[in-house]
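Colleague: I am new to this one. Can we walk through it together, one step at a time?

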Amino acid sequence: MKLHSSGFPVMRTVRTVSDLRQTLQAWRADGDSVALVPTMGALHDGHLSLIKIAQGQARRTVVSLFVNPRQFGAGEDLAHYPRDEGRDATLMREAGADLLYAPEATAMYPTGFATTVSMDGPARGMEADTRPGFFAGVCTVVSKLLLQTGADCAIFGEKDYQQLIVVRQLVADLDIETRIVAAPTARETDGLARSSRNAYLDQGQRSRAPRLHSVLQEAAGALASGAPPASTLDDARRALGDHFDALHYLEWRDAETLDRATLLDRSSRLLAAVQLGTTRLIDNVAVSPAGKTV
Ligand code: AMP
């Protein structure tokens with residue numbers, strides 16, 4: 001194996017579909033399977049945990065780094081989204097990635113690009129209510145990444161739970177053969193889900209942020225131990241609304257379909273989004289009939 005001067009294996013960077021496919025074809029000729037980890041960069045331990053999971057799923061790991069303009073709405077943070085490809089490349093190489101795929105926006109969406117992949121079902125409500133166009137942007141770029149790589153599996157974080165279910169629906173509906181693997185949410189020690197956007201929080205906001213997870217956990221624990229759902233959800237909504245600058249949603253949904261949950265007869269999930277200053281935080285926890293929450 002070729003080693004970089006840092007002692008870690010060499011990781012190549014490619015920026016075009018033809019270079020990507022050339023590398024993947026060589027790997028496939030050697031019989032190697034391929035896992036894809038799609039990211040928008042600004043890597044943190046959550047992303048690195050996905051790269052670790054990928055290594056257990058396939059012989060080769062490709063990490064894509066693409067800040068997808070199509071999933072940002074007007075007034076969102078596309079222009080300020082943290083970008084540092086050099087730092088990200090070092091972190092992913094140290095985590096064991098074999099290839100960085102970092103296309104330019106003009107290569108992904110050349111002049112004349114005219115296709116949008118849109119979805120109903122799980123792509124309705126919650127994130128879509130506050131971020132119109134978000135899931136069309138996600139579905140379009142994920143379709144392209146899966147078709148460009150032909151990956152055997154792709155790793156997505158439960159942190160973005162609605163997105164994970166949307167991607168599962170996408171591959172089922174479009175007969176894409178890539179297996180979607182879910183990765184548990186990586187958290188700070190105080191429970192805050194790791195996110196590239198946590199960098200936007202000032203010190204005061206950072207100390208308020210973990211309440212999102214603790215309110216979700218308390219409500220999930222109450223539901224799991226048989227508390228009445230309507231008042232439990234009302235109380236949790238009030239707690240989040242009082243603590244944060246705005247509550248975008250708090251929903252109790254079936255863990256597989258994202259249909260509204262009403263009874264504890266199937267595994268379900270509590271999902272929420274709040275506003276803290278100019279930063280939007282999302283999180284979710286499992287509600288299991290056994291009374292266990294994660
Ligand atoms: P992003 O770069 O934010 O688009 O995220 C890329 C991938 O990392 C997505 O599949 C996310 O769900 C996943 N991810 C982001 N934050 C976390 C986290 N704290 N724990 C696990 N996965 C995460």
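**Two helices, a ligand and two buried side chains**

Modeller: This is a predicted model. Start with helix 1. Its face turned away from the buried side carries exposed residues: S18, Q22, Q25 and A29.

Colleague: Which residues of helix 1 are buried?

Modeller: Buried means under 20% relative accessible area. In helix 1, that description fits L20, T23, L24 and W27. They cover an arc of only 95° around the axis, which puts them on the same side of helix 1. An α-helix has 3.6 residues a turn, so residues three or four places apart point the same way. The buried residues, once more, are L20, T23, L24 and W27.

Colleague: What covers the buried residues of helix 1?

Modeller: The cover includes one helix and several strands. The helix is helix 6 (134-149). The strands are strand 1 (12-14), strand 2 (34-39), strand 3 (60-65) and strand 4 (99-101).

Colleague: How far apart are the end C-alpha atoms of helix 1?

Modeller: Helix 1 has 13 residues, from 17 to 29. At 1.5 Å a residue, the helix should span 18 Å. The model agrees, with the end C-alpha atoms apart by 18 Å.

Colleague: Now the ligand. Which helix gives the largest share of the shell around the ligand?

Modeller: The ligand is surrounded by 15 residues, and the closest are H47, G157, D160, A186 and R194. Strand 2, helix 2 (45-57) and strand 5 (153-157) each supply at least two residues of that shell. The largest share is three residues, and it comes from helix 2.

Colleague: How much of the accessible area of the ligand does the protein cover?

Modeller: Take the polar backbone atoms first. Those of M40 and G157 each have one at 2.9 Å from an oxygen atom of the ligand. A backbone N or O atom of A186 lies 2.8 Å from a ligand nitrogen. Of the 490 Å² of accessible area that the ligand has on its own, the protein covers 93%.

Colleague: Is Q71 buried or exposed?

Modeller: Q71 sits in the loop between strand 3 and helix 3 (85-95). Leaving out residues up to four places away in sequence, Q71 touches M40, E76, R131, F134, G137, V138 and V141. Its relative accessibility is 10%, and the cut-off is under 20%, so Q71 counts as buried.

Colleague: Which side chain makes a polar contact with the side chain of Q71?

Modeller: Look at the side chains. A polar contact of 3.0 Å joins Q71 to N68.

Colleague: On to H213. Which side chain makes a polar contact with the side chain of H213?

Modeller: H213 lies in helix 9 (residues 211-224). At 8% relative accessibility, H213 counts as buried. Its side chain reaches the backbone oxygen of G191 at 3.5 Å. At 3.4 Å, the side chain of H213 also makes a polar contact with the side chain of R187.

Colleague: What do the buried residues of helix 9 pack against?

Modeller: In helix 9, the buried residues are L212, H213, V215, L216, A219, A220, L223 and A224. They cover an arc of only 165° around the axis, which puts them on the same side of helix 9. They pack against helix 10 (229-243), strand 7 (246-254), strand 8 (268-276) and strand 9 (279-287).

Colleague: Which residue with a positive phi follows helix 9?

Modeller: Helix 1 is followed by G31, with a positive phi near 85°. After helix 9, the phi is positive, near 95°, and the residue is G226.

Methods:
Residues numbered from 1 in each chain as written. Predicted model: local features only at pLDDT ≥ 70, side-chain atom pairs only at ≥ 80, totals over all residues. Heavy atoms only, no water. Helix = DSSP H or I, 4+ residues; strand = E, 2+ residues; numbered from the N terminus. Expected span 1.5 Å × (residues − 1). Buried < 20%, exposed > 50% of the residue type's maximum accessible area, 1.4 Å probe, protein only. Arc of directions from axis to C-beta. Contact = heavy atoms within 4.5 Å. Near = heavy atom within 4 Å. Polar contact = N/O pair within 3.5 Å; in protein donor to acceptor, adjacent residues only side chain to side chain. Areas by Shrake-Rupley, 256 points an atom, 1.4 Å probe, with all protein chains shown as cover.
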